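This briefing is meant to be read alongside the sequence and the 3D structure. Please look at both before going through the points.

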Amino acid sequence: MLIATFNVNSIRQRLAHLMRWLKSREPDVVCLQELKCLDEAFPREEIEALGYRVETFGQKTFNGVAILSRHGVEIEHRGLPGFPDEQARYIEGVVSLPQGHRSGAVLRIAGVYFPNGNPVGSPKFEYKRAFMAALTRHAEGLLALEEPLIIAGDFNVIPQPQDARFPENWRGDALFQSESRADFRRLCALGFTDAIRATSDDARLYSFWDYQAGAWPRDNGIRIDHLLLSPLAADRLMEAGIDRELRAEEKPSDHVPVWCRLRG
């Protein structure tokens with residue numbers, strides 16, 4: 001079973017990219033971020049034609065998250081519980097797995113798009129940290145359900161220096177502040193496994209390259225898109241990867257898909 005996250009940076013502008021990737025990779029469940037459209041404007045029919053159920057939590061112009069699933073999915077939350085927010089940054093659902101699946105009857109999936117938080121020291125940075133704190137509280141409750149759980153999305157956090165080509169260039173950025181990274185570690189310490197780092201210690205495993213200053217041709221990337229697996233999901237982790245080749249397409253998103261495969 002393949003689970004993925006992809007910040008599309010405008011679903012309407014990147015629909016062709018997404019469709020090609022869905023056809024080639026054939027993921028079971030995908031969390032999308034930065035839809036940048038209302039629910040009624042999402043290109044539902046095109047994606048449903050590929051065999052996916054589509055659940056969205058959209059917002060005009062900004063933000064917006066979605067879950068695409070080849071299996072039945074029941075949405076439990078649009079918006080992060082316990083965190084009143086006008087921005088569409090969180091969607092959570094329960095995916096019904098095929099009968100006899102070794103992971104059990106369901107997989108709980110939470111799709112997230114974290115605040116950027118810049119500039120540091122501003123209310124935007126405090127909002128970023130408050131969002132992370134609320135997610136950590138909610139995630140602790142979800143772990144008590146003892147279900148396979150994956151939190152997938154654009155976290156806007158660079159966990160370690162090895163997750164940036166030039167970490168020194170990010171010292172003043174909210175994505176690499178000690179507070180942001182500590183908040184990320186606090187979430188992981190609940191018992192989550194970072195799928196990419198559980199399967200590889202390689203350098204230059206990036207999921208984002210800025211549009212500016214030739215970041216892509218120079219491979220000046222960072223890793224900010226993550227798949228965090230609960231113990232019951234991590235026990236079935238087979239492999240994980242980043243489909244960086246999408247960044248080389250014409251007019252791509254500045255992010256690429258990150259995925260993991262679980263034993264069936």
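What follows describes the chain as a whole and then one of its sheets.

The model shown here is predicted. Its chain contains six helices and 12 strands. The radius of gyration is 17 Å, close to the 18 Å that the globule rule gives for 264 residues, and the chain is therefore as compact as a globular protein of that length.

**Overall dimensions and packing**

- Taken along the principal axes, the box filled by the C-alpha atoms of the chain is roughly 50 × 40 × 40 Å.
- Of the 264 residues in the chain, 58% count as buried.
- Among the contacts with a separation of 6 or more, 68% are between residues that lie 24 or more positions apart in the chain.

**Surface and charge**

- The chain has an accessible surface of about 11300 Å², and carbon and sulfur atoms account for 48% of this area.
- There are 33 positive and 37 negative charges in the chain, and the mean positions of these two groups are 3 Å apart.

**The six-stranded sheet**

- Six strands form an open sheet with mixed pairing, and their order is β5-β6-β7-β8-β10-β9.
- Because β5 (73-78) and β9 (193-194) stand at the edges and each has a single partner strand, one side of each is left without a neighbour in the sheet.
- Strand β6, which covers residues 90-96, runs antiparallel to strand β7, which covers residues 106-113, and seven bridges join the two.
- For Gly93, the bridge partner in β7 is Ile109.

Note on methods
Residues are numbered from 1 along each chain as its sequence is written. This is a predicted model: local features need pLDDT of at least 70, side-chain atom pairs count only at pLDDT 80 or more; totals for chains, interfaces and linings use all residues. Side-chain values use heavy atoms; hydrogens and water are left out. Helices (H or I, at least four residues) and strands (E, at least two) are DSSP runs, numbered from the N terminus. The radius of gyration is taken over C-alpha atoms; the globule rule is 2.2 Å times the number of residues to the power 0.38. Buried means under 20% relative accessible area, exposed over 50%, partly exposed in between (1.4 Å probe, protein chains only). Contact means heavy atoms within 4.5 Å. Accessible areas come from the Shrake-Rupley method with a 1.4 Å probe; for residues, only the protein chains shown count as cover. Lys and Arg count as positive and Asp and Glu as negative; His and the chain ends are not counted. The place of a charge is taken as NZ of Lys, CZ of Arg, CG of Asp or CD of Glu. Two strands pair if DSSP finds at least two bridges between them.
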